[in-house]
Every structure is written in C-alpha cells, then in structure tokens.
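Colleague: I am new to this structure and would love a close look at one part of it, rather than a quick tour of everything. Could you pick a single spot, start there, and show me how the surroundings connect to it?

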Amino acid sequence: MDTIENLTQLTNSYYLRGWTPATSSNFSIRNNRDVVQITRSGRHKGRLNPQDFMRLKHTGEAIDEGKPSAETGLHLMLYQYDTEIKAVLHTHSPKATVLSMIEKSDSIEFTDYEILKAFPGVAGHETTLSLPVYDNSQDIPALVKQIEPILPQLQIPGFLIRGHGIYTWGNSLADADRHLEALEYLLECEIIRRQIK
Ligand SMILES: [Zn+2]
C-alpha cells in the first residue's frame, strides 16, 4: 500500500523541481475505499512530513482535527468517481501556469509525442490526446460541477486550471507520479515547440 512517507518523498522532489512553490499545491492518497489522507491547508510543500496530512472520509467528513486543503473537493470528486483511484496530485509549476494562460481554447492537444505512452491505454505515439483547461475559480463546488460530467471522456487522467496548475491521478501513487512527470514534460515540450514555431 502507498504510504504518506512514499508520498512526501515524491512531493519534496517536486518542490526541488519547481513544481510546488511555497504553500501552493496539494496531494492525497486513499488508504482504503473510504479513507483519504490529504495535505492540511497552508503547509509549505517543500517540507512536508506525515503530520502535514489529515484523514477524511471519501465523502468529506473529517476524521482528524484540522483544516484540509482548500481544494479538497476536487480530490474527493475523483475518489468518488472511481473507486480504483488511489492518489491525486496537484502542482503549480510555471509551465502549467503559463501555458494554460497562453492557450485561449478549452484544451491543449499533444500530438505524436513518444511519452504519450505513459498514459493508460496508449499503445503508440501516433496519436493526439487532449488535456482540458478550465478557467480558474476559487469556487471549488462550481469547478466540481463543471469537471465531474467530463471525467468519463478524458483521454489523459488529468486537467489544467488556467493560470493555476495541473491535477492528475492514478490507481497507485506510482501511476499518479508517472502521469504527473509526463504531463510536466509535455507542457515543457509544448512551450518550446510554440516558441520555435
Ligand atoms: Zn492549487
């Protein structure tokens, strides 16, 4: 089973890669069908340790005392949507932030990148996969209402929030981590491609 120690090792490496500045970003894992551990609100994401997480029921009721991340609703949306999802990762990298602002449409298309094979069900690179972009909102229930209906149609397990960051997830922490690294890489490639074009 994935542990908070495994997760904090990864999140501290994300900080060093510039993906989680200051108190931005949030992370969670599911321990069993009903219990989720998520970052507490306002914690510095380069120095997370197990005390910076709290337990919630997947329906949202707190098990531990404290205040969970302000974006908990998006994590719970995913855990409620698919019981197989075991980890949700959300970062605020400059690439995700900037490219989602430059892109005026409601998605970013990735075509013919070899790394598309990092995503589930993708056997070959000769394909185009779409990553949705949603306008930023501090109204998490409104974002949930907007995003939840499209989850079954997603081509990549992820979405962007404009000027804000990436959400991605997986059926294990290793899967979620692979999706995050692939997405960060793809966004960087797209920025370079658009600069050269
Ligand atoms: Zn955020």
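Modeller: Let's start at Arg30, which stands opposite Val36 in strand 2. Please keep in mind that you are looking at a predicted model. The average pLDDT of the protein is 94, and 100% of the residues score at least 70. Strand 1 (residues 26-32) has the lowest confidence, yet its mean is still 94, while strand 4 (residues 87-91) has the highest, at 98.

The pairing of Arg30 with Val36 belongs to a wider contact between two strands. Strand 1 and strand 2 run antiparallel to each other and share 4 bridges. They form a hairpin, with 2 residues between them. Strand 1 also pairs with strand 4, again in the antiparallel sense and again over 4 bridges. There, Asn26 stands opposite His90 in strand 4. Keep His90 in mind, as we will meet this residue again.

How much of strand 1 is buried? In this strand, 5 of the 7 residues are buried, so the rest of the structure largely encloses it.

Now step back to the stretch that leads into the strand. Ala22 and Ser25 deserve a look here. Ala22 lies in the loop between helix 1 and strand 1, and Ser25 is found in that loop between helix 1 and strand 1 too. Ala22 has a phi near 55 degrees, a positive value in a residue other than glycine. Ser25 is not a glycine either, but its phi is positive as well, at about 75 degrees. Are these residues buried or exposed? Ala22 counts as partly exposed because its relative accessibility is 42%. Ser25, in contrast, has a relative accessibility of 4% and therefore counts as buried.

Next, let's place the strand in its sheet. The sheet is open, has 8 strands in the order 3-2-1-4-8-7-6-5, and mixes its pairing. Strand 3 and strand 5 (107-111) are the edge strands, each of them pairing on one side only. From one strand to the next, the twist averages 20 degrees. Helix 1 (residues 4-16) packs on this sheet and touches strand 1, strand 2 (35-39), strand 3 and strand 4. The direction of helix 1 makes about 165 degrees with that of strand 1. Helix 2 packs on the sheet too, and its direction makes about 35 degrees with that of strand 1. Strand 1, strand 2, strand 3, strand 4, strand 7 and strand 8 are the strands that helix 2 touches.

One residue of helix 2 brings us back to where we began. Leu76 sits in helix 2, and its C-alpha atom is 10.0 Å from that of Arg30, although the two residues are 46 apart in sequence. With a relative accessible area of 9%, Leu76 is buried, because anything under 20% counts as such. Which residues does Leu76 contact, leaving aside its neighbours within four places in sequence? They are Val36, Leu56, Lys57, His58, Thr59 and Gly60. Val36 is thus a link in our picture: Arg30 stands opposite Val36, and Leu76 is in contact with Val36.

Finally, back to His90, the residue facing Asn26 of strand 1. His90 coordinates the zinc ion through NE2, alongside Glu71 (OE), His92 (NE2) and His164 (NE2), at 2.1 to 2.4 Å. The angles subtended by the 4 donor atoms run from 92 to 148 degrees, so the arrangement is irregular. Along the chain, the spacing of the donors reads E-x18-H-x1-H-x71-H. Glu71 and His164 join distant parts of the chain, being 93 residues apart. Glu71 lies in the loop between strand 3 (53-57) and helix 2 (72-81), and His164 lies in the loop between strand 7 (158-161) and strand 8 (165-170). Both Glu71 and His164 are buried. The two strands on either side of that second loop also pair: strand 7 and strand 8 are antiparallel, with 4 bridges. One of the pairs there joins Ile161 to Gly165 in strand 8.

So a good path for your eye begins at Arg30 and Val36, moves on to Asn26 and His90, and ends at the zinc ion and its donors.

Methods:
Residues numbered from 1 in each chain as written. Predicted model: local features only at pLDDT ≥ 70, side-chain atom pairs only at ≥ 80, totals over all residues. Heavy atoms only, no water. Donors = N, O, S within 2.8 Å, 3.2 Å for Na, K, Ca; no water. Tetrahedral: all angles 85-135°; square planar, octahedral: opposite > 155°, others 65-115°. Buried < 20%, exposed > 50% of the residue type's maximum accessible area, 1.4 Å probe, protein only. pLDDT = per-residue confidence, 0-100. Pairing = 2+ DSSP bridges. Axes fitted to C-alpha atoms, helices over the stretch in contact; angles between N-to-C directions. Contact = heavy atoms within 4.5 Å.
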